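Reader: I should be grateful for a close look at one part of this protein, set out step by step for a first-year student.

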Amino acid sequence: MIKIKIYTVGKTKESWLEVALAEYHKRLTGEMTIEWVISKELQPVKENFYICLDPQGQQYSSPDFANFLEKESVRSGAKLTFVIGGPEGIPDEIKAKASHLISFSKLTFTHQIARLILLEQLYRSIQIQRGTQYHK
């Protein structure tokens, strides 16, 4: 089972977003464990290997992201860490030590929406690897 740790800032304020996050968390149960590290501002990441979500990062198609996750999961011993910045983004000192910078879009999303997109893409990646109809 893959262990995912997600560093982010601020609490989720919208009830509809909490429901959506809970739905994808439920779908990921049994496939991945999700640990949230939520603080008022991003603290230095303790892990040596982590991935920052950043507008300047590399963009992937969903199948390519699934392949990326599979390779990085093997490389990291099935432990992946993601960092989602707040309104001002991710501090340069955290980005500088990241293993990878990835971007989900050229569009700008709130850090709260980025949480949901990340969980959905993690779920989609599993479905792609399994060859289910979810990705079609």
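In which helix does E72 lie? Please also describe what surrounds that helix.

Author: E72 lies in helix α2, which covers residues 62-75. Helices are DSSP runs of H or I with at least four residues, strands are runs of E with at least two, and both are numbered from the N terminus. The model is predicted, so local features need a pLDDT of at least 70 and side-chain atom pairs count only at pLDDT 80 or more, whereas totals for chains, interfaces and linings use all residues. Residues are numbered from 1 along each chain as its sequence is written, and side-chain values use heavy atoms, with hydrogens and water left out.

E72 has a relative accessible area of 9% and therefore counts as buried. With a 1.4 Å probe and protein chains only, buried means under 20% relative accessible area, exposed means over 50%, and partly exposed is in between. Apart from neighbours within four places in sequence, E72 is in contact with F49, L80 and H100; contact here means heavy atoms within 4.5 Å.

L69 is also found in helix α2. At a relative accessible area of 4%, L69 is buried. When residues up to four places away in sequence are not counted, L69 touches L80, F82, L122 and S125. Thus L80 appears in the contacts of E72 and in those of L69. By contrast, L21 stands 48 residues from L69 along the chain, and their C-alpha atoms are separated by 20 Å.

How does α2 meet α4? Their axes come within 9 Å and cross at roughly 90°. Each axis is a line fitted to C-alpha atoms, for helices over the stretch in contact, and angles run from 0 to 180 degrees between N-to-C directions. The two helices are therefore roughly perpendicular to each other. In this scheme, angles under 35 degrees count as roughly parallel, over 145 as roughly antiparallel, 65 to 115 as roughly perpendicular, and the rest as oblique. On the α2 side, the contact is made by S62, P63, F65, A66, L69 and E70; on the α4 side, by Q121, L122, R124, S125, I128 and Q129.

Helix α4 (residues 111-130) also meets α1 (residues 15-28), the axes coming within 10 Å and crossing at roughly 25°. That angle makes α1 roughly parallel to α4. The crossing is left-handed: a crossing has this hand if the near helix is turned anticlockwise from the far one by less than a right angle, and is right-handed if clockwise. The residues that meet include W16, L17 and A20 of α1, together with Q112, I113 and L122 of α4. Before α1, E14 is found in the loop between β1 (2-9) and that helix. E14 is partly exposed, at 38% relative accessible area. The C-alpha atoms of E14 and Q112 are 8.9 Å apart, although 98 residues separate them along the chain.

After α2, the loop leading to β4 holds A78. A78 has a phi near 65°, a positive value in a residue other than glycine. Most residues other than glycine have a negative phi. A78 is partly exposed, at 21% relative accessible area.

The next loop of interest lies between β4 (79-84) and α3 (92-96), and it contains G85. G85 is buried, at 9% relative accessible area, and touches V9, L42, I90 and H111 beyond its sequence neighbours up to four places away. Strand β3 (residues 51-59) contains L53, which is buried at 12% relative accessibility. Outside the four places on either side in sequence, L53 contacts F82, V83, I84, I90, I102, F104 and L118.

An unreviewed UniProt entry places the feature "binding site" at L53, G85, F104, S105, K106, L107, T108 and F109. Of these residues, L53, G85, F104, S105, L107, T108 and F109 are included in the lining of the largest pocket. UniProt positions follow the numbering used here, feature names are shortened, and annotations may be inferred rather than shown by experiment. On a 1 Å grid over the protein atoms alone, a pocket is an open set of points where a 1.4 Å probe fits, with protein on both sides within 12 Å along at least five of seven lines; lining residues have an atom within 4 Å of a point.
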